[in-house]
Amino acid sequence: MKYKIHREGQNIIFVLLFILLVINIPAYLFIEWKVIPVVFIVISSIFFLLVVNFFRSPRRYFKGDHANAVVSSVDGTVVALEEVYEDEYLHRNCIQLSVFMSIFNVHANWVPVEGTVKYVKHHNGRFLAAYLPKSSTENERSAVVIQARNGDDILVRQIAGAIARRIVTYVEPGEHVSVEQHMGFIKFGSRVDLFLPLDSEILVKLGDKTVGGVTQVARLKPRNNA
């Protein structure tokens, strides 16, 4: 598994490195009691490494059958798994499968199903803690609907959290997408909801850990048109 810095973090990391150098070099050169600049350097280094770690972007490949697989969009913990009524696009009862990301998880978002993008919409909103149920409909969020290969419409919702302040969505309506493709990125703590057909076979349970682009969380039912 190879790692690189995600494009969303490259400018941030460069600017942060410049700021830290501007602070630490003069401190080391002009403060005679070297304990203080050394402490500055240690704290700055730890903070810089945490930011670099946040924007890491591993290259991942799903090894299973893509046809009816639903793959986790993100790294994190399954915090919701229940039947709900989805009222933005699908207008029907669905299984909501939600994965919460901490600031220590990879925050790239992978496409969960292979298919064609039908709908993309960003909503402004609040910044409640992303693990709260009402964050799904009240927080800043982006919704993406993908028609899977079997004909089912799958809604994916990127949700900003208490710390997150920017959601990026790359896919566009009409685009064919695969589970090895980045769908977007959410900066600094967040959550992703999947809304699946009621007859989907769920392969995870509450509290399970997922790996984005790797962990299969559900299997869609084959249809006659699949």
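What pLDDT does the protein average, and what share of the residues score at least 70? I looked this up before anything else, as the model is predicted. The average pLDDT is 86, and 87% of the residues score at least 70.

**Entry: confidence by element.** I then asked where confidence is lowest and where it is highest. Helix H3, residues 135-138, is at the bottom with a mean of 63. Strand E16, residues 216-219, is at the top with 97. Where pLDDT is low, predicted coordinates should not be read in detail. I left the detail of H3 alone.

**Entry: overall make-up.** I counted three helices and 16 strands in the protein. The protein has 226 residues, and 50% of them count as buried. About 11,400 Å² is exposed, with carbon and sulfur atoms supplying 60% of that area. I also checked contacts between residues at least 6 apart in sequence: 73% of these join residues at least 24 apart.

**Entry: the main core.** Which residues have the most contacts inside the largest nonpolar core? I found Val 70, Leu 97, Ile 146, Val 171, Leu 194, Leu 196 and Val 217, in a core of 28 residues. Two or more core residues come from each of strands E5 (92-101), E8 (141-148), E9 (153-160), E12, E13 (190-196) and E16. E5 gives the largest share, four residues. E16 is thus on my list twice: it contributes to this core, and it has the highest confidence.

I picked Leu 97 for a closer look. Setting aside neighbours within four places in sequence, I listed its contacts. They are Ala 80, Leu 81, Val 192, Asp 193, Leu 194, Leu 196, Ile 202, Val 204 and Val 217. Leu 194, Leu 196 and Val 217 are also among the core residues with the most contacts.

**Entry: a second core.** A separate core holds 13 residues. Val 51, Phe 55, Val 106 and Trp 110 are among them. In soluble globular proteins, nonpolar side chains tend to be buried together.

**Entry: a three-stranded sheet.** In what order do the strands of the open sheet of three strands run? The order is E6-E12-E10, and the pairing is antiparallel. The edge strands are E6 (108-110) and E10 (167-169), each pairing on one side only. Neighbouring strands are turned by 20° against each other on average, direction ignored. I followed E10 to E12, residues 182-186: three bridges join these two antiparallel strands. Thr 169 stands opposite Gly 184 of E12. E12 also turns up in the main core, as one of the strands giving two or more residues to it.

Conventions: Residues are numbered from 1 along each chain as its sequence is written. This is a predicted model: local features need pLDDT of at least 70, side-chain atom pairs count only at pLDDT 80 or more; totals for chains, interfaces and linings use all residues. Side-chain values use heavy atoms; hydrogens and water are left out. Two strands pair if DSSP finds at least two bridges between them. Axes are lines fitted to C-alpha atoms, for helices over the stretch in contact, and angles run from 0 to 180 degrees between N-to-C directions. Buried means under 20% relative accessible area, exposed over 50%, partly exposed in between (1.4 Å probe, protein chains only). Contact means heavy atoms within 4.5 Å. Accessible areas come from the Shrake-Rupley method with a 1.4 Å probe; for residues, only the protein chains shown count as cover. pLDDT is the predictor's confidence in each residue, from 0 to 100. A nonpolar core is a set of buried Ala, Val, Leu, Ile, Met, Phe, Trp, Tyr and Cys residues joined through side-chain atoms within 4.5 Å.
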